[in-house]
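Thanks for coming. I have one structure to go through today, so let me put it on the screen.

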Amino acid sequence: MLKIAVCVKQVPKNQIGIDENTGNIIREDGLNCMNIYDYAAVETALRIKEQTEAEVDIFTMGRMDSRGVLQEALALGADEGILISDSKYAGSDVLATSYILSRGIMKKGDYHLIICGKQTTDGDTAQVSGAIASQLNWNYLPWIHEIAEVTEKEITACMLMDFEKIEVTAIYPCVISVEPSIYTVRIPTLMNTLKSRKKNITVYGQSELSLPEHAIGQKGAPTRVAGIKNLTCKAVPAIRDLTAAEIVRLICEEAECPLESRGGYE
Amino acid sequence: MEAKIRPLGNEDADYLQDESGFEGIAYSISFPQNRNEVKDIIDQCMGNHETITIQGALTGITGAGVPLEGHVMNMKEMNHILEITKDCGFVMKVEPGITFGELEGIVRKESNNTYFLPVVPTEKSATLGGAVSSGSKGIQSYHYGSLENYIEAIEICDNQGTFVTIEKKAENNLLIGSEGMLGAITAITLRLVKKPKYLWGIVFMFPEDETACAFADSIHEMEQVMAVEYMDRKTIELIDTYKNSMTQISKVPSIPAEVNSLLYIEIAGDEEEIVEEAAAVLIEKCVETGGDPDTAWAVTGETEVENIRNYRHAASECTNMKIAESHGSNKRIKKLSADIEWKNRSRAEILKYYNGKLENSGLNYCIFGHLGTKQPYVNILANNQEEYEQGKMIMSQFIRDAYIDGGMVFKEHGIGKLKKGYFCELAPIEEINKMVKLKGKWDAKSVFNVGNMFSENQL
Ligand SMILES: Cc1cc2nc3c(=O)[nH]c(=O)nc-3n(C[C@H](O)[C@H](O)[C@H](O)COP(=O)(O)OP(=O)(O)OC[C@H]3O[C@@H](n4cnc5c(N)ncnc54)[C@H](O)[C@@H]3O)c2cc1C
């Protein structure tokens, strides 16, 4: 049976603003919800489950009150919810988060496929799915907007690039990130909602995962917010002819921000 | 002091029309920012023998805040919190121009999300002053009753520029539903209630109204039920035509084609188990009354419930958009709706009655709203003048029959200018006289909101 892990995140419902000094999100109204992009990931997993025989487990890393998003995914029809939570994980950036999530997923079982939403509404990096693939050294298909075929061994899907659509096949194990447009997301049925209440949520903390302290939380996070600036948009001609490094250099020049590279992805 | 009054300019066209499509005229406008400015504006208008039309956010659907002449006093800049007392419950004194959206955010923050105002119109940009003056209700009125239950005091500035505070016990809520005809409300003291910790929103789908009504009847005694809202197939189809352009609901999956009747139910409580038990009871009742609970949707928690509420709210919005389209091609076509709360008819009888009359007429229409309190709204969507006139005749018949039934005819959206004709012609004389007497006592010179409810010569 195909085993699918889906990563979801609890985010503030209304992003009130960003603290100009610290760069932290100011969350004043206290309302949280599932990251809007992650619904597409859950829906994709459930559609695959409906077509082939599959088990769908939902993972989230966050505070203990993130249980709500797991419960919601269970109500949508997922099988199990796993909350990865420990005060030591606080302050994790993309690198530390993807490390912790990938270790949590590995501890739970042997998955064929990990599905993530394209990005989050609070972090906005769109890098966690790729970072998980990199941590695990798995195949990676980002920006999926259509699933063509799912077999016991591989998945064929359509990637939505800036200028074209590309159909690709990846052998398991594999991480995919899906576009919000991939499916219309269902609303939980009353029956599933009631059933989901009876399901247990597994909690993994440091005592279960025993991760090296230098790789988690603030210590494992090389990201530092150097400052926040309001930039005016500028059109860059023929961006497709530039390499990634050239684009980064261009952005740094525009932002008058020194190009610095640290951490795991130099 | 010279009041902040300026002549009405071309840029002020928005202040001459509300959501009903009713349009008016005025010569000057002001946006007071505090009670003293309200007094100055009233004094100056009185000195100039000018009438004043008070308005909030103009989301009203009877033309009540639309001027026919004189001065417009728009209250939207009077939206401050004046006082919050937390020692005995949660009491707050606010200015009337605060919108329900603003109020909700402030109460959530100030009470750490533990208190709320339970009776609010689904239109969050409406002002509190507008809602008090219209006698507005909300979907949770099913459980929490009227807005007046949560009002401790109202301060009003009368046509002499005198501030009068009316406390709940003192005068029997005479300002609720008075449509700005007695004076300008300058402050409202609200007593908020504890917010239940757990909230579910459940959508039950039925192939026909009879089963939906039998189900609604069967859950009437349930303590955890907060709201019972209805939508017919025509409303679902109307929403479908606008859905893709409405970001808040564009992601809601389509309602299956075999569904002709939809009930949206909210349940709430402070203990999770009790709310889950209530959900289980709803399933049982649904089966007992011939429905299929397997097709029901359910969402839990405030954020998710809000998304489904947006779908219900879209019924009102899409109806108004459809009317605005017809109004665009023929200015005489305006909103044609009834918000009657029936007394002696059953829920099934009410729907059958509306459908019977309208299906035979060949007119386009839709029905949705508070079926739980026997108050579904019926909207006639006229495409041309002939249909509009025909629709008006049918509305008269509804209102006539509602008075015979002993129902409450204008109790949510008000009378304003659009329904004045029906009120004056069809309401019992005692009901009209009560309002005329009140107006005579407070505003005999007829300074405020000329043209609402009845004609000046009735004074
Ligand atoms: C999409 C949509 C959904 C709606 N849903 C609901 C609903 O669920 N329930 C409901 O009851 N209504 C509903 N309404 C109707 C409308 O929102 C309410 O009647 C609302 O309370 C009007 O508030 P407003 O601030 O827009 O008032 P306006 O339309 O500006 O004015 C309404 C009346 O209030 C008077 N008024 C306003 N402020 C003052 C003041 N400070 N002092 C004295 N008089 C004043 C005006 O003179 C006028 O008579 C809906 C409308 C729309 C467009």
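I will take the contact between the two chains, then a contact between domains inside one chain.

Keep in mind that this is a predicted model. Start with chain A against chain B. On the chain A side 20 residues make contact, and they meet 26 residues of chain B. The two chains bury about 1900 Å² between them, with 65% of that on carbon and sulfur atoms. Which three residues supply the most of the area that chain A buries here? They are A:Ile187, A:Leu190 and A:Arg197, and together they give 34% of it.

A:Arg197 also forms a salt bridge with B:Glu272, where the closest N and O atoms are 2.9 Å apart. The count of salt bridges between the chains is one, and there are seven residue pairs in polar contact. As for secondary structure, β5, α2 and α5 of chain A each supply at least two residues to this side. The largest share is from α5(A), with five residues. By class, the chain A side has nine nonpolar, five polar and six charged residues.

Now chain B alone. Its domain assignment gives domain 1 (6-76), domain 2 (81-194) and domain 3 (197-312). I will stay with domains 1 and 2 of chain B. Their contact takes 16 residues from domain 1 and 20 from domain 2, and the C-alpha centres of the two are 21 Å apart. The buried area is about 1300 Å², 64% of it from carbon and sulfur atoms.

Across this interface there is one salt bridge. B:Arg35 pairs with B:Glu155 in a salt bridge, at 2.9 Å between the closest N and O atoms. Helix α1 of chain B, residues 35-47, gives the largest share of the domain 1 side, six residues.

Key. Residues are numbered from 1 along each chain as its sequence is written. Chains are lettered from A and ligands numbered from 1 in the order in which they are written. This is a predicted model: local features need pLDDT of at least 70, side-chain atom pairs count only at pLDDT 80 or more; totals for chains, interfaces and linings use all residues. Side-chain values use heavy atoms; hydrogens and water are left out. Domain bounds come from an automatic or database domain assignment. Contact means heavy atoms within 4.5 Å. Buried area is the accessible area (1.4 Å probe) that two parts lose on being put together, summed over both. A salt bridge is a side-chain nitrogen of Lys or Arg within 4 Å of a carboxyl oxygen of Asp or Glu. Helices (H or I, at least four residues) and strands (E, at least two) are DSSP runs, numbered from the N terminus. A polar contact is a pair of N or O atoms within 3.5 Å; within protein, one must be able to donate a hydrogen and the other to accept it, and residues adjacent in sequence count only if both atoms are side-chain atoms. Ala, Val, Leu, Ile, Met, Phe, Trp, Tyr, Cys and Pro count as nonpolar, Asp, Glu, Lys and Arg as charged, and the others, Gly among them, as polar.
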